[in-house]
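Reader: Please take a close look at one single part of this model. Then show me how the rest fits around it.

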Amino acid sequence: MSARLGAGGVPERKVPPTSVRGAAMRGVVARPGREAVEAKGWLRAHKWLLLRRASQLGILALFLVGPWLGWWIVKGNLSSSLTLGVLPLTDPFLVVQQLAAGHWPYREALLGAGIVLAFYLLFGGRLFCSWVCPVNLVTDAAAWLRRRLGLKGGKVPSGSTRYWLLGFVLVIAAATGSLAWEWVNPVSMFHRGLIFGFGLAWGIVGGIFFYDLLIAPRGWCGHLCPQGAFYALLGRAAVVKVSAAKRSACNDCMDCFAVCPEPQVIRPALKGVGQDHPLILDADCTTCGRCVDVCGKDVFRITTRFNRSES
Amino acid sequence: MRGGASPAPADRGDARRAGLAMLMNDKVQSTGRVEPVAPASRRRFLKDAAGVAGGAGLLALGAGMYAKQASALPATAIRPPGALPEDAFLAACVRCGLCVRDCPYKTLKLAEFGDGVATGTPYFEARDIPCEMCEDIPCVVACPTGALDRALVDITKAKMGLAVLIDQENCLNFLGLRCDVCYRVCPVIDQAITLERMHNPRSDRHAMLLPTVHSEHCTGCGKCEKACVLPGEAAIKVLPIKLAQGSKAEHYLRGWEEKEAAGKSLIGDQVELPVRGLEGKAYGDTRVEPGQGPVQAPAQVPDYVPAKPAGGGLDSGWKP
């Protein structure tokens, strides 16, 4: 049996990383990063977080200055937009749903989806999740509050649920001949709501916040969201990766596990479980850089997938 | 049986025997809690996968059913010009709002969750802000997906809906007045809406000029509905064509159309037979003039007397 598993190539993935994951989820560390602040200063201990918030809010602001101030830099929303009247950008997740539903879109949408697709294929699919998606603000807030309130445990669906859901989203699109998921997709709904008006969509966004806070830690982004699953698939061969380059300096403080939205991706790189290089190659990693921030020993850094060096 | 199954992991050399033992394990052992042996972990994997897939499937099914149930468009929600038929539209529209942004009159809006229209799709309500029928149709040009069809280049060919004079009891023209507002504001005046002159049977000496919509020319812009002077709901409304029109009775030939197309009647001239007593009249004129025809005596109707119960009782008049 073990021989067969070995031939499968990934025996290490059969080992459920429950210990580290459980530790992080049980909220062992209520205020991760304290050591890093002492060692590096507050600003450096929040560098990537601040950059990321600037990116998220900046992109949102680009969409909002049009309707609010009449400066039409970007029209539309994350589903499809037109920048400065020339650059079309379309969410490839929507184009894939369209194709499943049986509609072949115009050239602009295909071109726009191609540009977005190329960007995420090259730089990392889940960069969308951590640097662009507005729902990240909601779920990060829930995770922060969960740590602060010391809420422990919860019932988390399997991390693979999102991939199944992604498959079913496409099946349902084909079966109904419509973009059925877009009726309820909290990701596009939240962004559209901020720009065009919410209606009752606040309910769905609030639902995700309380689901993450009270029921499932990192439940939405880390386990359910089919859009995140789609972008994770895009980023499998992407270039920008986090590396635990100075893993020899690790003092097992667990801060990185506590802040990481996908803590299962850290162990293979940091502890060398099933791999010898220190790169986090798991497509679920959102490259948010929070582990870089909170590590007082500067173990992590953001680099390319070609840089396997340790220092 | 458990004792027989436990040596299986140790027996790794013989793949066939291990496989057999695994099979037996699958049948006999209820859980793999003795040792994390491969069969048990595979079973657990399958069980987990089934649970996860089931949960995800239920979630997607819920979304699909909600989408299906909510895909009926309310009658007052009108899609932008050039919109594909509703089914195809829901497959094509990515809900980006670029049509809304390029609408110069703020006619279009994106449906919000709970509006009754598919979340995030564009629509307008004519009584609120109607379509001004821009000649360059910017909303269609803006659409990146083809949910609004660029084959529409002449806005007068648009079919957003169809105006229907739905309330003949409150329409002022039907009351004999000369309101005419819906007719006057129609961008395709005298084609999409005409005033048809009718005798006013109430006064018996006036005319009624009835606003009449012609589906061939009506674009469904809704300016008539917006302009209707009635205080609340309009007497003329733009409805989805599916609601406003019946299907054409294809199996009936319209004699007058066939006659016009052929240049002559298809069944030839009808035979005219003389009708006794009507010899001096034009064929088909059967009107009876006073004094002619059979004279009817006024009907003799006896006064109504309620029926009496027959016999019996104190007032029956019976005497011994």
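## A threonine in a loop

Author: B:Thr107 is buried, with a relative accessible area of 7%. The cut-off for buried is under 20%, so B:Thr107 qualifies. Bear in mind that this is a predicted model.

Start with the location. B:Thr107 belongs to a loop of chain B. Helix H5 (98-102) lies on one side of that loop in the sequence, and strand E1 (109-110) on the other.

Now the surroundings. Setting aside neighbours within four places in sequence, B:Thr107 contacts B:Tyr123, B:Phe124, B:Ile129, B:Pro130 and B:Cys131. B:Pro130 appears again in a polar pairing. A polar atom of the B:Thr107 side chain lies 3.0 Å from the backbone oxygen of B:Pro130.

Step back to the whole of chain B. It has 10 helices and six strands. Of its 320 residues, 35% are buried, and B:Thr107 is one of the buried ones. Take the contacts in chain B between residues at least 6 apart in sequence: 55% of them join residues at least 24 apart. The accessible surface of chain B is about 21,100 Å². Carbon and sulfur atoms hold 56% of that surface.

Next, the partner chain. Chain A gives 47 residues to the contact, and chain B gives 46 residues. The size of an interface is often given as the accessible area lost when the parts come together. Here chain A and chain B bury about 3,800 Å² between them. Carbon and sulfur atoms account for 68% of that buried area.

Charges and polar atoms also meet across this interface. There are 13 residue pairs in polar contact, both residues at pLDDT 80 or more. There are also two salt bridges. One of them joins the side chains of B:Arg150 and A:Glu108, at 2.9 Å from N to O. On chain A, the elements that give two or more residues to the side touching chain B include strands E1 (74-77) and E2 (80-83), helix H6 (107-123) and helix H11. H9(A) supplies the largest share of that side, seven residues.

Finally, a buried charge in helix H11 of chain A. A:Asp212 is found in that helix, residues 201-215. A:Asp212 is buried but has no salt bridge. The nearest side chain of opposite charge is A:Arg218, 5.9 Å away. A salt bridge has to be within 4 Å, so this pair does not count. Leaving out residues up to four places away in sequence, A:Asp212 touches A:Arg218 all the same, and also A:Thr139, A:Ala142, A:Arg146, A:Pro217, A:Gly219 and A:Trp220.

Definitions and conventions:
Residues are numbered from 1 along each chain as its sequence is written. Chains are lettered from A and ligands numbered from 1 in the order in which they are written. This is a predicted model: local features need pLDDT of at least 70, side-chain atom pairs count only at pLDDT 80 or more; totals for chains, interfaces and linings use all residues. Side-chain values use heavy atoms; hydrogens and water are left out. Helices (H or I, at least four residues) and strands (E, at least two) are DSSP runs, numbered from the N terminus. Buried means under 20% relative accessible area, exposed over 50%, partly exposed in between (1.4 Å probe, protein chains only). Contact means heavy atoms within 4.5 Å. Accessible areas come from the Shrake-Rupley method with a 1.4 Å probe; for residues, only the protein chains shown count as cover. Lys and Arg count as positive and Asp and Glu as negative; His and the chain ends are not counted. Buried area is the accessible area (1.4 Å probe) that two parts lose on being put together, summed over both. A polar contact is a pair of N or O atoms within 3.5 Å; within protein, one must be able to donate a hydrogen and the other to accept it, and residues adjacent in sequence count only if both atoms are side-chain atoms.
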